[in-house]
Amino acid sequence: MKGRKQKILNKTKGSPPKDRTVFEGYEGAQTFMWIAENNLIEPDARASENGLLEYILSPANLRSAYQRVKSNGGAAGVDKMETKSLKEYFINHKDELIESILQGRYKPNPVRRVEIPKDDGSKRLLGIPTVVDRVIQQAIFQVLNHLFEPQFSENSYGFRPRRNAHQALRKCKEYITEGYNYVVDMDLEKFFDTVNHSKLIEVLSRTIKDGRVISLIHKYLNAGIQIGCKFEPGEAGVPQGGPLSPLLSNVLLTELDRELERRGHRHVRYADDFVIFCKSKRASLRIMDSVTDYIQCELYLKVNKTKSQCVNYTKVKFLGYTFYKIRGEARLRLHRKTAGKLKDKIRYITSRSNGWGDDKRKLALRQFIIGWLNYYQLADMKNFLSQIDEWYRRRLRMVIWKQWKRVRTRLKALQTLGVPKWQAYQWACTRQGYWHIAGSAILSRTITNDRLKRSGYLFFLDYFKELQSHHQVS
């Protein structure tokens, strides 16, 4: 017995400590030469040909995928399992799950259909995978992203590391400043729902030589959709909502990027939104016709001809912005629809009848304003924000006035804020509407801008100036 223990000690002496995770215990097929302790090493060309599936299912990659899905949270899929149950599931079923994937027996669950209203009255269709399928998709994404990212175009900015919408907009400004005053604004009709599976698999197969990975991706594409109790087969499309869909959309649309570059066109693409810049109206019409033919005949996608247009740069809407020029230099401003959506959101948060308390309302407004301005900060809009703040403060005064429902409450509050008793009584008994009173001098003098600010409300122009000063310093 003593000799056996010594042999075991001799074998393990000098080896790195075992990394204990929720995937602990799976060895053999999972032991992979490109994993160094806790650090993932990017796969090279060998991975796309041999052992790519083993790399995807390696402990470090699966652990990273599990942690990402768990931190993202999100809704449950058709099996109703939530992310908090993932750890227990993998402790009990990881070996069985991994073995079924390696043997080609794994069958993904259908995605759960969720409909999100869009501005034009239509609905964006999302497909929510089960949390287990999200982990596997995330593991696939983490490996394939390293393989495909170097192949993607410099003109593509959506769903890519270290690239964002602001960079895409700055590139648009650059082209317009150079004199490309006409824009081919093309709309791909229901892109994520109409992706041709055969074409996508063909493009993927040029880089991925491990047929098992192609087969697994194909299974996810064909998993189908669950709408209530009804099942629909997945004959086309890449359902939005899973970790893989952004990567697969970029893989397919890189074909479009390369074709436009081959033709010498200047274009900018963010996910399935793209614009082509031209120097004349005639050229834009010709390019629109030829590019439409390519998209429909080669990529098997559909162009929405009613929404696609060839227009002057001042009339285009791209990523919520539009463009104008000052002394020949292109600038950005908010599109009118973006401004309308902003007011609709403020109306919703400051609704008199949503039942929110002050703390919840302040938090919701702060989060919305910070998020909105961080995205739209490139626009020239100081005057617009000043006007919005006036309207927004009036909305707040209206909410506060409604909270002082009773005459005696209004009387006491107005007196506390410095209004003489006779005048406070006169206003407390008024029968005028909430919106009218909110714009009155009496509330402007009592519920002042400074008092609103000190009570915790954030205003658009204040935060916008803060962002600008921060950028100037940096």
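Two strands are taken to pair if DSSP finds at least two bridges between them, and the pairings described below for this predicted model rest on that rule. In strand 10, the residue that serves as the bridge partner of Val183 is Val311. Val183 belongs to strand 5, which covers residues 182-187 and pairs with strand 10 in the antiparallel sense over four bridges.

These two strands are part of an open sheet of four strands, whose order is 8-9-5-10 and whose pairing is antiparallel. The edges of the sheet are occupied by strand 8 (266-270) and strand 10 (309-312), each of which has a single partner strand, so one side of each is left without a neighbour in the sheet. From one strand to the next, the twist averages 25 degrees. Strands of a sheet pair through backbone hydrogen bonds, and this pairing may be either parallel or antiparallel.

Two helices are associated with this sheet. Helix 11, made up of residues 244-262, lies across strand 8 and strand 9 (273-278), and runs at about 170 degrees to strand 8. Helix 12, made up of residues 281-298, also packs on the sheet, where it touches strand 5, strand 9 and strand 10, and its direction makes about 25 degrees with that of strand 5.

A further antiparallel pair is formed by strand 11 (residues 321-326) and strand 12, which are joined by six bridges. The two strands form a hairpin with two residues between them, and in the turn Arg327 has a positive phi of about 50 degrees. Within this pair, Tyr324 stands opposite Arg331 of strand 12. Along strand 12 (residues 329-334) the side chains alternate, in that Ala330, Leu332 and Leu334 point to one face and are buried, whereas Glu329, Arg331 and Arg333 point to the other face and are not buried.

The largest pocket of the model has a volume of about 1,700 Å³. It is lined by 40 residues, of which Lys118, Arg124, Asp187, Asp273 and Lys317 are the closest to its centre. Two or more residues of the lining are given by each of strand 4 (123-128), strand 5, helix 8 (191-194), strand 9, helix 13 (336-349) and helix 14 (358-376). Strand 5 and strand 9 thus appear both in the lining of this pocket and in the four-stranded sheet. The largest share of the lining, four residues, comes from helix 13. When the lining of this pocket is sorted by class, it has 15 nonpolar, seven polar and 18 charged residues.

The count of cavities of 30 Å³ or more comes to one, and the largest cavity has a volume of about 40 Å³. Its lining consists of Leu57, Leu62, Phe90, Leu97, Ile98, Ile101, Val135 and Ile136. The elements that give two or more residues to this lining are helix 5 (86-102) and helix 6 (131-148), and helix 5 gives the most, with four residues. By class, the lining of the largest cavity has eight nonpolar residues, with no polar and no charged residues.

Over the chain as a whole, the secondary structure comes to 21 helices and 12 strands. Of the 474 residues of the chain, 47% count as buried. Among the contacts between residues at least 6 apart in sequence, 70% join residues that are at least 24 apart.

Technical notes
Residues are numbered from 1 along each chain as its sequence is written. This is a predicted model: local features need pLDDT of at least 70, side-chain atom pairs count only at pLDDT 80 or more; totals for chains, interfaces and linings use all residues. Side-chain values use heavy atoms; hydrogens and water are left out. Axes are lines fitted to C-alpha atoms, for helices over the stretch in contact, and angles run from 0 to 180 degrees between N-to-C directions. Contact means heavy atoms within 4.5 Å. On a 1 Å grid over the protein atoms alone, a cavity is a set of points where a 1.4 Å probe fits but cannot get out, and a pocket is an open set with protein on both sides within 12 Å along at least five of seven lines; lining residues have an atom within 4 Å of a point. Grid points are joined across faces, edges and corners, and a volume is the space filled by probe spheres set on the points. Ala, Val, Leu, Ile, Met, Phe, Trp, Tyr, Cys and Pro count as nonpolar, Asp, Glu, Lys and Arg as charged, and the others, Gly among them, as polar. Buried means under 20% relative accessible area, exposed over 50%, partly exposed in between (1.4 Å probe, protein chains only).
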